[in-house]
Amino acid sequence: MVCSRSAGFRRLSAIVYLALLTGASAQIDASRSHFDRHRSVLAMRSADYLDSVPGRLVLPDFTGTNFRGTIFIAIVLDDYPEETTWELVNRDTDELIASGGPYDNQPGELILVEVTVDDGVCHRFTIFDTFGDGICCFNGLGSYSVTYNGETVCSGGEFEFQETCDFIGESCVIPVGACCIELNCEVLPGSDGAVTEAECAAFAGQFGFDYEWYEGESCPEFVCPPPPTGACCVYEDGVLVQCVTSDEAACLQVDGLWFEEQDCFGNPPFECPADPCGPETLYTQAVGGTVGIPADERAFGGFIAADNLIEFSGEIEQLSWFGMNRVFDGTVFRACEKEPELFQIVVFADDGTQTPDVDHILCGPYTVQPLKWNTGDFFNDSPIWRYDAVIAPSCVVTTGWVGVFGLDNGEDSCWFLWHSSLAGDGGAYWWPEGTPPEPEDFQNVDLSMCILGEYVPIFGACCDDEVGVCTEDVEVQDCPGPLRHAPNALCADFSPVCGEAPGACCHIDGTCDVVDEAGLCVGADDLWLGRNTFCDDCPCRLSCPAGAELEDEVCGQSANGGCSGQPGNIPQPITLGTPICGQAWAQDDLRDTDWYRAELLPGEYTFTVEAEYPVAMGLIEYNPDFEGSGNCNEITGEVNPFATAQGCEDVSVTFTIFDQGTYWVWVSVDGFEGVPCRPDFGNNYVALLDYETPPCFLDCSPQSVPEGEPDCEDQYVDVTNGGCNSEPPVFSSITLGEPVCGRSGTYFGIETGKRDTDWYEIVLTQETVLTVEVISEFPIAAGVVRYLPGFEGSGDCSQITGISPIEFADPCENGVAVSTCLMPGTWWVFVAPQGYIGVPCGAEYDLLVTGEVCGELCPYDLDNNGAVGPGDVGIVKNAFGCDVNEPACAALDFDENHAVGPGDVGVVKNAFGACP
């Protein structure tokens, strides 16, 4: 461990001390730790920080610390630490005070940063994620917190590219203004009509509403302005349906194109483009949805993005596509403009399995510098561009894949990213240049593009293999898959002969054979897909486990739609630990949502679903004050936690219930199309709700004395026995041999999870070994609070080092911690939950502390481990030159020469092993 003079040992000790009091052990990586005039950094990993969510580290709680002029930054890294950076700046001058990352630490590692700051400066903290998915919760359970002068000022982990915590410092003057929610100027509870932006956002967030905040204004006098309006052009299959004047949010809800400050009914009226792709459009996948996939990734070795042409026939003369330019500036992705922007366009054949055939190029490659113009739409701060490229010579295509990728022009850092489309068949490919596409390269997104040119009718033979009928002179659009079309050919040209094409025989275990006829697909659970089908076409299939319950609903109906259904759609009960087999469907822009009802006690639960279709599932979220009410009026309308998965992929969510009551879990199709009711397969799912950890219910012994502390609650202040965590410190006395029935729990502080720690005081009159026995309804930590050498039993909070020994026990498991021989004086027994979430207030534990008188106290056993050894020598060496007028120092002057030095070390060494 390396310490600079400016940081000092006492400050480092304070960090380790705080970690120990929260039930953790610190491992200090000396190669990374350093201290300068601004900050000190500790990298820590400890299973003792784990909360009740498996694999998740709990952030240490620095609230209540007395380090004035100090900012503590704690970050639990997600699975991609190299994407995480942060900065702390003077918000008035933008001067950089401290920064960190990107990190090469292990995922899940805890980064602690201590920054000494000037109380007269107002600071701003910002955390960044370069990929845009924050640090929680899809790629690791990362989180962060910022504590200033003992108060946690912000925390989180779920954001996109960045999140900012502003106005950190005593000198900050936080501006106030009018809070507009749903266009109403709201006087928030406890305010005079002017509030901070954070207060406005928090209040609106309780109800899931958007807000606008206007600095310097006050409600209710202020009139909230409506959002800006513009022309909203709505298209269907590339054809203009209508123009309406609306705000941008309303336009996006109908997947329209919005033109700010334009009026459909103005004078003159705004005229929407007749077709977003222009005249002579052969094929359109219009802009819609969200950002798609990169196509200009030369920094990663070069990638090709390609989308397939569905029932297409024509001569391509121009290709138009939509996307944006974004650059990584070392901290975040932001808008950029790449000029000139060069691309290659390639038209690939299909390999017969609905995959681009990179060895069979129909047209191209074309190297183009497309015309580029701003559509007026945006993704975050990036304008959506339209690119127009002429295809010369033109390309006559009946089916295939259009691929586009960027070329190097010396600006690799500024990339092109596709915009997605809501049209198409729900898939495209993105694969490394120079390699064939693999199944894992398939992307569940369509690319926004327009194909312009001349319609070219393509005629040929059309074969229906299922019935063995072939028809000649059929246009390609009239012979859709799974029918086979042979352009400019006759029925006799088919190979295999029409009606004799093999097909896929799908087995329920996921295997598949290609057989010549249905009669060879004979297993009870085998499924014949018909001729001219492939194993890749096999659907996901599930069997219902033995002993499972059945959903009380027929496919095509919605009898258990819960709060989203018609009156009388009562959620069906679900039994903990028993699978339930159900069905769901999605068709004609409708879908079946299945709600299941469970009466849950406080504890941690896991909900798991496997389906034959793309599935969405999760827990219905209540408003915070109505947890478990079973009332549709008290839910937020959100599914949280929420998860999705492709067909036949297990997906699960884990959640903690704090209040006993009625809760709903939810299963549906992930989408509103593509899953019609079918007789044999395609609609089935298996769901299971179970305890993550079985609950423990404890009855304290009849002889136990009640602790006497009120149950905790949010924003709880412990004035009973919070010990050294309280201000001022408060303790409960305990009698040796008399059990105590205690109550504890976790709760929310200002922004972070906190726990109720109970400190029991024992005054020893003689040398004693303490035995701490505890059993509880929750994961518990208990032990004896230890002092710095020379201060044993002093009762001084500033001289404690941590908990030693400390015992960690699971619910309903006995935990026993036995101390070494303790000197006479004041000692404390510490009891608390292991983590900071998941333990309902009022959870019980039974505590018994007993004592046994030691033998004669050995004066040389300075570390109280029951023997004299190197540890005691180290304590003497660290005290060399101390002031022997101080009692703690005088106790180490064994050779009585009025100084602590080598002679005292010799005395201790001569006593090695001498103590009982």
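Is Asp-388 buried or exposed at 15% relative accessibility? Asp-388 counts as buried, because 15% falls under the 20% limit for that class. Keep in mind as we go that this is a predicted model.

Let's stay with Asp-388 for a moment. Its side chain meets that of Arg-386 in a salt bridge, with 2.8 Å from N to O. Arg-386 is buried too, at 7% relative accessibility. Side chains of opposite charge can pair when their charged atoms come close. In total, the structure holds 7 salt bridges, and a few of them are worth a visit.

One of them joins the side chains of Arg-91 and Asp-166, at 2.7 Å from N to O. Arg-91 lies in the loop between strand E3 (84-90) and strand E4 (96-100), while Asp-166 belongs to strand E9 (residues 162-168), so this salt bridge ties together parts that are 75 residues apart in sequence. How accessible are the two partners? Arg-91 is partly exposed, with a relative accessible area of 24%, and Asp-166 is partly exposed as well, at 28%.

Another salt bridge forms between Glu-341 and Lys-372, whose closest N and O atoms are 2.9 Å apart. This pair links distant parts of the chain: Glu-341 sits in the loop between strand E20 (333-335) and strand E21 (343-350), and Lys-372 is in strand E23 (residues 371-379), 31 residues away. Here both Glu-341 and Lys-372 are buried. Lys-372 has a further partner, since the residue lies over the face of Trp-385, at 4.7 Å from the ring centre.

Further along the chain, salt bridges can also be followed through a network, which links Asp-711, Arg-743 and Glu-844.

Now to the aromatic side chains. The structure holds 27 aromatic pairs. In one of them, the rings of Tyr-214 and Phe-222 have centres 5.0 Å apart and planes at 45°, so the pair is tilted. Tyr-214 is partly exposed, with a relative accessible area of 23%, whereas Phe-222 counts as buried at 17%. Tyr-605 and Phe-655, by contrast, form a stacked pair, with 6.0 Å from centre to centre and 20° between the planes. That pair also links distant parts of the chain, with Tyr-605 in strand E43 (residues 603-611) and Phe-655 in strand E46 (residues 651-657), 50 residues apart. Both rings belong to buried residues: Tyr-605 has 0% relative accessibility, and Phe-655 has 5%. Ring pairs can build up groups as well, and here they link Phe-731, Trp-759, Tyr-787, Trp-827, Trp-828 and Phe-830 into a cluster.

Two polar contacts round off the tour. Arg-786 is found in strand E56 (residues 780-787) and is buried, with a relative accessible area of 10%. What does the side chain of Arg-786 join in a polar contact of 3.5 Å? The partner is the side chain of Thr-820. Arg-786 also has Ile-800 at 5.6 Å in space, C-alpha to C-alpha, although the two are 14 residues apart in sequence. The other contact involves Thr-152, which has its place in strand E8 (residues 151-156) and counts as buried at 5% relative accessibility. The side chain of Thr-152 makes a polar contact with that of Thr-147, at 3.4 Å.

How values were computed. Residues are numbered from 1 along each chain as its sequence is written. This is a predicted model: local features need pLDDT of at least 70, side-chain atom pairs count only at pLDDT 80 or more; totals for chains, interfaces and linings use all residues. Side-chain values use heavy atoms; hydrogens and water are left out. Helices (H or I, at least four residues) and strands (E, at least two) are DSSP runs, numbered from the N terminus. Buried means under 20% relative accessible area, exposed over 50%, partly exposed in between (1.4 Å probe, protein chains only). A polar contact is a pair of N or O atoms within 3.5 Å; within protein, one must be able to donate a hydrogen and the other to accept it, and residues adjacent in sequence count only if both atoms are side-chain atoms. A salt bridge is a side-chain nitrogen of Lys or Arg within 4 Å of a carboxyl oxygen of Asp or Glu. Rings of Phe, Tyr and Trp (its six-membered ring) pair if their centres lie within 6.5 Å; planes under 30 degrees apart count as stacked, over 60 as edge-to-face and the rest as tilted. A charge sits over a ring if NZ of Lys or CZ of Arg is within 6 Å of the ring centre and within 35 degrees of the ring normal.
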